[in-house]
Structure formats: C-alpha cells, structure tokens
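The exercises below are meant to be worked with the sequence and the coordinates at hand. Try each task before reading the solution that follows.

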Amino acid sequence: MRYLSIISISLLVLAGPWSCLYAQDDIPSYTMEEEIVVTASRVPRVFSDISRSIVLIDREDIENAPVNSIQELLEYAAGIDLRQQGAGGIRADLFIRGASFEQTLVLLDGVKLIDPQTGHHNLDLPVALADVERIEVLKGQGSSIYGPNAFGGIINIITRKSSEHRVRLSAGYGENDTRDGSISIFSSSDRSFHRLSLSGRFSDGYRESTEYDDRNVSYYGRYGPEQTEIDLTTGYNRRKFGANGFYGSSSTRQWEETETTYLKTGLSVRRGDILVNPRLFYRRHKDHYIWDRDNPELYENFHTTEVYGSELQIDIDSPAGHIILGGEYSADMIRSNKLGDHDRSRTGLFIEHLPHTGDRIDLSLGLSAHHYDNMGWKAWPGIDAGYKLGRSGKLFASTGSAFRLPTYTELYYNDPEHEGNPDLLPEKSWNFETGISRTGRLLSGSISWFYRDSDSIIDWVKSGSDEMWRSRNIASTETRGIECRVRWRDISPFPLLVIDDIDLSYTWIDSSADLEGVVSSYAINHLKNHIVLRVRYGLPKIGISQGWVIGYEERCGFRERFLVDLRTGWRTGEYFIYLDLMNITDNTDGDYLFVPGPGRRIMMGLTVQF
C-alpha cells in the first residue's frame, strides 16, 4: 500500500509516550482534570479511570468542526465509519469497528434510541447540534451494560445543561441554497433549569432529488434541590428529503419523510450513599417512503413504530465498592402497510460493580439479562480491567458478550428484489480488547488490539444465480483490528500563534465471514484503513482560529479516497463568524454504490450569544 509510510509515521509518533512510561520521575507529568467525567457506562467515572477505548468529543471540538449536524460531526471521530447518503447527514448510518449500523447502540443522555423498523433511522435524532454538550464513543461490546444492540460500540449524546441565563442564535448559508438556523434559550434559578431550542436545515440539493428540509424542536427541564430532582426531556424532528439512489439505482425520484417524537422523564433521589433513578421513556417514529414522487401510487410505504418503557437504577457507594443495579421493561410495535402489524416486549435486569482494588488497579464487572417471550432469558457478562503505570499510563483489557434482535425489516420486508425471513435468529458475539494508554493534560494517546467472534450474523445476501436479496443468518464472522491515537494540546511555538490541538488516529480492520457461496450486502464492506488528522490553531489575541480535518479511507470493495475540510473562524465578544470549506479535494466518491458524494462545498455563518 503506497500510504504505508503515513501509517508508519503515525505509529512512530504514538510510540513516543510509551517509551517514557517507566521514567515518570524524570519528566513532567500531567493528569486529566478531575471534572472530566464520562457517562458511557452506567457508573460515571473520571476519564483516566476507564479501562476501555473511549473517544470524547467535547464542546470545544464541536464549535471548531466544519459541520452543521451531529451526523457530520461523528464522521471525524477516531475509528468511526459514518456513511452518508446525500449531504448534510440527512440520512446517515453509523459503523464502529466493522460492526454494522444495526449493531451500534445510540443513547441520548443515557436512554437507548433503538428503531425496531431499521437501524437506518437510529440517527433520526430529536435534538440539534447546537444543544449537544459532548459525545462519548465507547468502543467494543456494551451489552453487559445496556443490553441488546451494542456489538461494535455505544454512542452517548449528552445535551447541554448550562446553569446560565442566555440566548444563543445561529444562522448559516452555503452552496445549493443550503441554509440553517437555530435559537436556544437557557434559563435557570436555584432550583430549576430550562432549555428550549428550535432549529432548521434546508437545501436544494447537489443533484436531482437530493433536496432536504430538516426541522427540530426540543425542551429540557430540571426542577428540585440537589438531593431530589425531577427532569423532563421532549423533542420532535421532521425530515423531508429526496432519496435519489438511496434504495437502488433504478429510480432517481425517490422521496422520504420521517417524523420522530421523543419523551423522557425521570427522578433522582439521593439519601446518603444511595442514589435512586426511576425513569419513563417513549419514542414514536413515522416513515413515509415513495419510489417515484411523480407517481406515488406505483409504490408507497407507511411505517409507524413506537418504543416505550421504564427503568429503575439504584446507585450504591458501599464498602465493597461502587454498585449499580436495576431493572427495565420495554416494548415496541410497528404498524405498516408493507411489514404488517407486530408487537414484542422484554424485561431486563442489570448490575455493574466497581470493587475497591487500590490505587493501581481498576476493575469493572457488568452483567445484564433480558427475558423475551419467544426465547426466555438471555444474559451477557463483561469485565474491564486496568493496571496503572506511573501517574499517567495504563495497561487495560476487556472482554464481554453482545446480542442483537432482528429488526422488523429483516423479518418481514418483501418486494420484487428483497425477501425477509421471519425465522431469523438473534445475533451474538464475544469481544476482546487489550491495549496501553497515556492520559495527560498536554499529551495523551493509546494503542489497542481488538477481536470479535460473531455467530448468526444477519445480512441481506444472494447467490450468483439468484437476483433476489434474502435476509438470513450467516454462520459466523471474525473481525480483528488495531487502533492508534495520539493527541497534543496547547502548544505555543511562536509568541502569537497557539496550536490548540493536534489529534492523529489510525484504524486497521480485517474480517472474514463464512458466506457459504453467497454475496453479502453488509458483512464485509467496512473501512480497512482509516486515518484522521485534526489540527486546530489560532491567533487568540485577535480571535482568529482555524481547524483542519484530513482523512484517508480505504474501504473493502471501494476505491480509496482523501477528504479535507477546513473551518476558519473569528470570535469577538459574543459573536462568532465562520467560513467552512468542505471536501476541498472535490472527491465525489460516495459511501454507498449509486449515491455519489456532494463534492466541494462552501458554507458561512454567524453565532451570537447574549
């Protein structure tokens, strides 16, 4: 591979931190600030105490990224394969470590967002980018913590809960008459906090039938003293978009409309060392699809899904360590002119234990079990362990099992080119990971090896003589890979110039599948080599900043490509003006066949806070 030299350089750079792990007394050492707490597991912990691979996208990263949606932002996360159909993240699928979009769990403030119709809708989020405080990416299995669907990893989107009184306004305009705008109102008192947000994104599209109209409204409220609080989150998202080539190449006039309604309420009660968190949640998703918008009667689908449930979580700080235990009940249903009407439910129990193991050793034990009407009880254990080297290094390892139920589309969808399978079995896997990391305020990094052994993987396949795609369980797949990352912060090579951040990551993935002589749609089309370099620098004296994102992708069965994006910003007081140059190399290779990428784009905008 002609880019081997790039990879070699990145690995050599990564090697730097490890050579110093046993000479900590001779060099300055920096530790991550204590307030950086991650919640990708059920037990909130300081970032440096996590014995897993985690990527944290904080508010500073978000504000300096040349993006205008959560979906686009995830494309820049180390080791994330975000595949878009069209532009602006209007339809996007999330892959982690070679696991498909169906095998990645999305959380919103810790609540699972699982679309039972299809994982294509998991990123139909009822929240705008402007209201995101940070995003935590927990790589590897998560079923031992959160139950089904967490094969490759977990994305936890944490919304903003500032205690300040303020109003935030933003507006942007770019090519193809692309417009976006948002308003967020924050209000707080000693006992309450409220956030109300409205946003919209619109575009005429970069080619025929790729226009979109995306609107969001959301509210978050919290009331009560510190020891007893009640919270409420609700949101609504409506999308209308041209789907040229999204579902096959024979129709350029495809059209789709989706609506997502979301509601969550919870209570937090602390009494001494015990914290009790009961909550209720509800999500409804409507999907209206037209094969030919000029002739809707030719082929038209209507799907409505609902997911609702309750959860009780008890957090105990005991002499035996930190323990979280609880239970949940959830149900989902679909009403569809194409898939039929179906219902199912599950009951689950979970426990996570962090025993007291001294200053050097971190240990986390997790177990979740769920009962299904047609399968009985299923359980998934997991264990994470870490050993600290000096004051900032760590050796870590983890293992655990994962599980996923088939979606209603995989079970019941039928058309002239596809045939569902109501007899599908659940997917299951075992995951292993080991690595070494260094956590520091100025310099941090990690290198890890992972392996996943999966059985009964669900995929759409067809034989050489059969033109119909059929949903079935593939006997087994194996996935292995290496991830490397190094990050420098706050470098000042010149009196006026400050390099805020240099972040370099490399991911290599290899997989094999027992396809039994059939052609697979999703099993092996992941990124084989993926490099992301992010550089952010500026002249703080005059408020100018620039952020570059340079990516290289080599995907199985696709051509390799380079992507380069740039945001230039100027901040003065409460005003921030930005200019985004996206896909500077003008690469039009898309993430999917029959869907070319949008090419080079320009966007400019203004944000005001007062």
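**Exercise 1. Determine in which sense strand 3 and strand 8 pair, and place the two strands in their sheet.**

Solution. Strand 3 and strand 8 pair in the antiparallel sense over four bridges, where strands are DSSP runs of E of at least two residues, helices are runs of H or I of at least four, both are numbered from the N terminus, and pairing requires at least two DSSP bridges between two strands. One such bridge joins isoleucine 54 to leucine 138 of strand 8. The next step is the wider sheet, which is open, contains five strands in the order 3-8-9-6-7 and has mixed pairing. Its edges are strand 3 and strand 7 (111–112), each of which pairs on one side only.

Before going on, note that this is a predicted model, in which local features need pLDDT of at least 70 and side-chain atom pairs count only at pLDDT 80 or more, whereas totals for chains, interfaces and linings use all residues. Residues are numbered from 1 along each chain as its sequence is written, and side-chain values use heavy atoms, with hydrogens and water left out.

**Exercise 2. Find which residues of the largest nonpolar core touch the most other members.**

Solution. A nonpolar core is a set of buried Ala, Val, Leu, Ile, Met, Phe, Trp, Tyr and Cys residues joined through side-chain atoms within 4.5 Å; buried means under 20% relative accessible area, exposed over 50%, and partly exposed in between, with a 1.4 Å probe and protein chains only. Among the 33 residues of this core, Ile70, Ile135, Ile155 and Ile157 touch the most other members. The elements that each supply at least two of its residues include strand 3 (54–57), helix 3 (70–74), strand 8 (132–139) and strand 9 (153–159). Taking isoleucine 135 alone, and leaving out residues up to four places away in sequence, its contacts (heavy atoms within 4.5 Å) include Val55, Ile70, Leu74 and Ile157.

**Exercise 3. Decide whether aspartate 109 and aspartate 177 count as buried or partly exposed, and state the sign of phi in each.**

Solution. Aspartate 109 lies in the loop between strand 6 and strand 7, and its phi is positive, near 50 degrees. Aspartate 177 is in the loop between strand 10 (166–174) and strand 11 (178–188), and phi is again positive there, near 55 degrees. Aspartate 109 counts as buried because its relative accessibility is 18%, while aspartate 177, at 27%, counts as partly exposed.
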